[in-house]
Amino acid sequence: MESVAKEFDVIVIGAGIMGSCTAYQLAKRGKKVLLLEQFDFLHHRGSSHGESRTIRCTYPEDYYSQMVLESAKLWEEAEAEIGYRVYFKTGHLDMGVPSDKSLQAVIASCESNLIPHRVVNREQVMHEFSGVFDIPENWIGLSTDLGGVLKPTKAVSMFQTLAIKNGAVLRDYMEVTEIKKDYERGGITVGTKNGSKFWGEKCVVTVGAWMSKLVKTVSNRVLPIKPLHTSICYWRIKDGYQDKFSLEDGFPSFSSYGEPYIYGTPSLEFPVISAVKIKCGGFLGHEPVTPCFLACFAITSATEFALLFTYLKLLLSSS
Ligand SMILES: Cc1cc2nc3c(=O)[nH]c(=O)nc-3n(C[C@H](O)[C@H](O)[C@H](O)COP(=O)(O)OP(=O)(O)OC[C@H]3O[C@@H](n4cnc5c(N)ncnc54)[C@H](O)[C@@H]3O)c2cc1C
């Protein structure tokens, strides 16, 4: 392997989706960039691997919606530059009781951000989604056209390829153990466990669930944050109903603001049997963990997901 330059405009630490995208965007703006990753590139121990992640513009937090709207253009630009797709668009359905504070905030955010949306009742939800969703009588749905599925591993690979194409230097098996201000020269020095040293005008840290560990290592400070283990569950769709759950036929990504909060997408995983599974994540019952060798983090109870069966009209069978 050729020797690596030691001086950069920006050193990015952590090559998940955040770091890889950051390296690409900086390199594209003409910056001399180094991206350092502790494991192999495209490893499965962080958060940014797999085949499906929800992307939607409906959030209770106003600023998220604005960021997602802005990102739509950036995803398109990156896809055009690489020549393949990582973002598959579909509609998005939020649902819950009308008094739910988060759902109210989501509707308010749609209004203030001028996001086209429809607030619909149970019958309208049934009609719009061909009877696939059957929400409780006292719930409402919020339907928007701006949802979809991102393919995370493919997206990380895309950003890393584009970063290299735009001149960035990428190195894996480089665990950063030292980040220090360079008081003589200005800027930052970054050191790795295997003894490499680099200098950067600036440094961007995107180490996801390893943030506490890195901050403790480089500064001996303890951050009040905890990584949570998140599970994804899959359901096989009963024979004859596969089309109803496919992205091509308009099955939306969705979020349920019931107790617990559940979200899901039409899955793009396992191409041989594609569109016969749905990915769901729930945020309750997650256990704090030490990030290390697990693919993604926390087992959520089966009862949380049993709720999904009620909404999806028992068209799904075993997990
Ligand atoms: C199961 C699951 C489902 C999810 N579903 C969704 C969804 O549907 N929609 C959505 O928007 N979001 C979803 N998320 C969240 C989303 O995936 C994450 O927010 C995103 O992937 C975080 O990316 P990241 O780059 O910050 O972290 P990571 O992907 O974890 O990347 C951090 C990188 O830093 C590296 N690193 C750490 N320490 C060092 C060091 N000292 N030196 C060098 N490198 C280091 C790590 O090895 C890793 O590669 C989900 C997450 C999970 C786990």
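## A tour from Val12 outward

Start with Val12: Leu35 of strand S2 stands opposite. The model on screen is predicted. Now widen the selection to the two strands around this pair. Strand S1 covers residues 7-13 and strand S2 residues 33-36. S1 and S2 run parallel, joined by four bridges.

**The open sheet**

Select the whole sheet next. Six strands make up this open sheet, and the pairing is mixed. Read across, the order is S7-S2-S1-S10-S9-S8. Go to the two edges: strand S7, residues 169-171, and strand S8, residues 176-181. Each edge strand has a single partner, so one of its sides is left without a neighbour in the sheet. Turn the view to look along the sheet. On average, neighbouring strands are turned by 40° against each other, direction ignored.

Between S7 and S8 lies a loop, and Tyr173 is in it. Check the backbone of Tyr173: phi is positive, about 50°, although the residue is not a glycine. Most residues other than glycine have a negative phi. Is Tyr173 buried, exposed or partly exposed? Tyr173 is partly exposed, because its count of other C-beta atoms within 10 Å is 13, and the partly exposed class lies between 12 or fewer and 20 or more.

**A second positive phi**

Jump to Asn220. This residue sits in the loop between helix H6 (211-219) and strand S11 (233-236). Asn220 is not a glycine either, yet its phi is positive, about 60°. Its surroundings are exposed: 7 other C-beta atoms lie within 10 Å.

**Strand S6 and its partners**

Select residues 140-150, strand S6. Nine of its eleven residues are buried, so S6 is largely enclosed by the rest of the structure. Show its partners one at a time.

- Strand S4, residues 87-96, pairs with S6 in the antiparallel sense over nine bridges. Pick Met95 to find its bridge partner in S6, Gly141.
- Strand S5, residues 117-120, is antiparallel to S6 and joined to it by four bridges. Here Arg118 has Ser143 of S6 as its bridge partner.
- Strand S3, residues 53-54, pairs with S6 over two bridges, again in the antiparallel sense. Arg53 has Leu150 of S6 as its bridge partner.

**From S4 to S12 and S13**

Stay on S4 and add strand S12. The two pair in the parallel sense over four bridges. His92 marks the spot, opposite Ser253 of S12.

Now show the side chains of S12, residues 253-256. Which way do they point from the strand? Ser253 and Ser255 go one way, Phe254 and Ser256 the other. All four are buried.

Follow the chain onward. A hairpin of five linking residues takes S12 into S13. Strand S13 covers residues 262-266 and runs antiparallel to S12, with three bridges between them. Ser255 faces Tyr263 across this pair.

Click on Pro266, also in S13. Pro266 counts as buried because 27 C-beta neighbours lie inside 10 Å, and the cut-off is 20 or more. Draw a distance from its C-alpha atom to that of Gly250: the two are separated by 9.4 Å, with their positions 16 residues apart along the chain.

**The ligand shell**

Centre on the ligand. How many residues surround the ligand? There are 28, and the closest are Gly14, Gly16, Gly46, Ser48 and Gly208. Helix H1 (17-28) and strand S3 are the elements that give two or more residues to this shell. H1 supplies the largest share, three residues. Colour the shell by residue type: 13 are nonpolar, twelve polar and three charged.

**Confidence colouring**

Switch to pLDDT. The chain averages 85, and 82% of the residues score at least 70. Residues 271-277 fall below 50; beyond near neighbours in sequence, this stretch has 14 contacts in the model. Then select residues 292-307, where pLDDT stays under 50. The model has 36 contacts for that stretch beyond four places in sequence. Where pLDDT is low, the predicted coordinates should not be read in detail.

**Zoom out**

Finish with the full chain. Its secondary structure comes to seven helices and 14 strands. Of its 319 residues, 36% are buried. Among contacts between residues at least 6 apart in sequence, 69% join residues at least 24 apart.

Methods
Residues numbered from 1 in each chain as written. Predicted model: local features only at pLDDT ≥ 70, side-chain atom pairs only at ≥ 80, totals over all residues. Pairing = 2+ DSSP bridges. Axes fitted to C-alpha atoms, helices over the stretch in contact; angles between N-to-C directions. Near = placed C-beta within 6 Å. Nonpolar A, V, L, I, M, F, W, Y, C, P; charged D, E, K, R; others polar. pLDDT = per-residue confidence, 0-100. Contact = placed C-beta atoms within 7 Å.
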